[in-house]
Amino acid sequence: MFNLTQFPLQFDESALSPHMSSDTLKCHHGKHLAAYINNLNDLSANTKYADMSLVEIIKNSINDNNATKIFNNAAQVFNHDFFFHCLAPNGGGAIPDDVAHAFGGAEKFCDEFKLAASSVFGSGWAWVVLDVSGALKIMTTANADTPIAHGLRPVMALDVWEHAYYLDYQNRRADFIATFLEHMVNWNFVCENIK
Ligand code: MN
């Protein structure tokens with residue numbers, strides 16, 4: 001059984017305003033993430049998944065055709081907790097050298113990340129990951145899919161489901177992506193994931 005208190009926000013709900021409102025965080029963390037947790041608990045009860053860790057559930061359910069709903073909800077719990085850790089008050093600013101160098105410069109990194117995050121059709125996620133060779137890569141996943149199901153190590157995540165930005169940005173996803181990089185991304189957390 002999982003509980004929302006295991007996945008707390010690392011800052012006050014109003015701390016990212018005006019870039020991300022308390023209304024968005026109240027709904028996104030307090031309702032959307034909570035619903036994924038509740039669904040996962042209900043779906044996995046009395047199954048082989050009931051006693052697994054979150055990561056074990058994801059890795060075991062990805063290839064289980066009878067556990068698609070369990071995978072979707074478990075992956076969304078992981079993705080959201082990871083994404084909320086990627087946000088920080090007074091975040092953003094200069095792209096760290098480790099990230100910039102891997103993509104041929106800060107501007108190239110931003111361009112590539114913005115293009116990837118903008119190109120997600122419908123609901124999904126934009127990521128920076130470490131691939132199996134240890135190289136930093138930008139990728140996207142659709143719906144609930146998550147890099148850890150594919151042997152990749154997540155470094156940075158941006159939720160581009162409409163519920164992540166619609167209250168604050170309506171249809172302007174590009175503005176949300178740019179503001180994430182300029183004012184919200186928690187580079188300390190991202191750099192810890194590269195080490
Ligand atoms: Mn979300």
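Buried means under 20% relative accessible area, exposed means over 50%, and partly exposed lies in between (1.4 Å probe, protein chains only). The model is predicted, so local features need pLDDT of at least 70 and side-chain atom pairs count only at pLDDT 80 or more, while totals for chains, interfaces and linings use all residues. Residues are numbered from 1 along each chain as its sequence is written, and side-chain values use heavy atoms, with hydrogens and water left out.

**Exercise 1. Sort the residues of two salt bridges.**

Task: Decide whether Asp131 is buried or exposed, then treat its partner Lys137 likewise.

Solution.
Step 1. Set the rule: a salt bridge is a side-chain nitrogen of Lys or Arg within 4 Å of a carboxyl oxygen of Asp or Glu.
Step 2. Check the pair. The closest N and O atoms of Asp131 and Lys137 are 2.9 Å apart, and the two form a salt bridge.
Step 3. Sort them. Asp131 has 17% relative accessibility, so it counts as buried. Lys137 has 40%, so it counts as partly exposed.
Step 4. Take another pair. Lys195 and Glu192 form a salt bridge, with their closest N and O atoms 3.1 Å apart. Lys195 is exposed, with a relative accessible area of 72%. Glu192, at 48% relative accessibility, counts as partly exposed.
Step 5. Place both pairs in the total. The whole structure holds four salt bridges.

**Exercise 2. Lay out the sheet.**

Task: Find the order of the strands in the open sheet, and say which strands stand at the edges.

Solution.
Step 1. Fix the terms. Helices (H or I, at least four residues) and strands (E, at least two) are DSSP runs, numbered from the N terminus. Two strands pair if DSSP finds at least two bridges between them.
Step 2. Count bridges. Strand S1 (residues 124-130) pairs with S2 over seven bridges, in the antiparallel sense. S1 pairs with S3 over six bridges, also antiparallel.
Step 3. Write the order. The three strands run S2-S1-S3.
Step 4. Name the edges. S2 (136-142) and S3 (153-159) each have a single partner strand, so one side of each is left without a neighbour in the sheet.
Step 5. Match residues across the strands. Trp127 stands opposite Met139 in S2. Trp125 stands opposite Thr141 in S2. Val128 stands opposite Met156 in S3.
Step 6. Check the cover on S1. Seven of its seven residues are buried. Gly124, Ala126, Val128 and Leu130 point one way, and Trp125, Trp127 and Val129 the other.
Step 7. Look at the hairpin of S1 and S2. Five residues lie between the strands, and Gly134 takes a positive phi near 85°.

**Exercise 3. Trace the metal site.**

Task: Which residues are the protein donors of the manganese ion?

Solution.
Step 1. Set the cut-off. Donors are N, O and S atoms within 2.8 Å of the metal (3.2 Å for Na, K and Ca); water is not among the atoms, so sites may look incomplete.
Step 2. List the donors. They are His28 (NE2), His80 (NE2), Asp159 (OD) and His163 (NE2), lying 1.9 to 2.1 Å from the ion.
Step 3. Read the spacing. In sequence it is H-x51-H-x78-D-x3-H.
Step 4. Link the chain. His28 in helix H1 (residues 22-44) and Asp159 in strand S3 are 131 residues apart.
Step 5. Sort these two. His28 is buried, with a relative accessible area of 0%. Asp159 is buried, with a relative accessible area of 0%.
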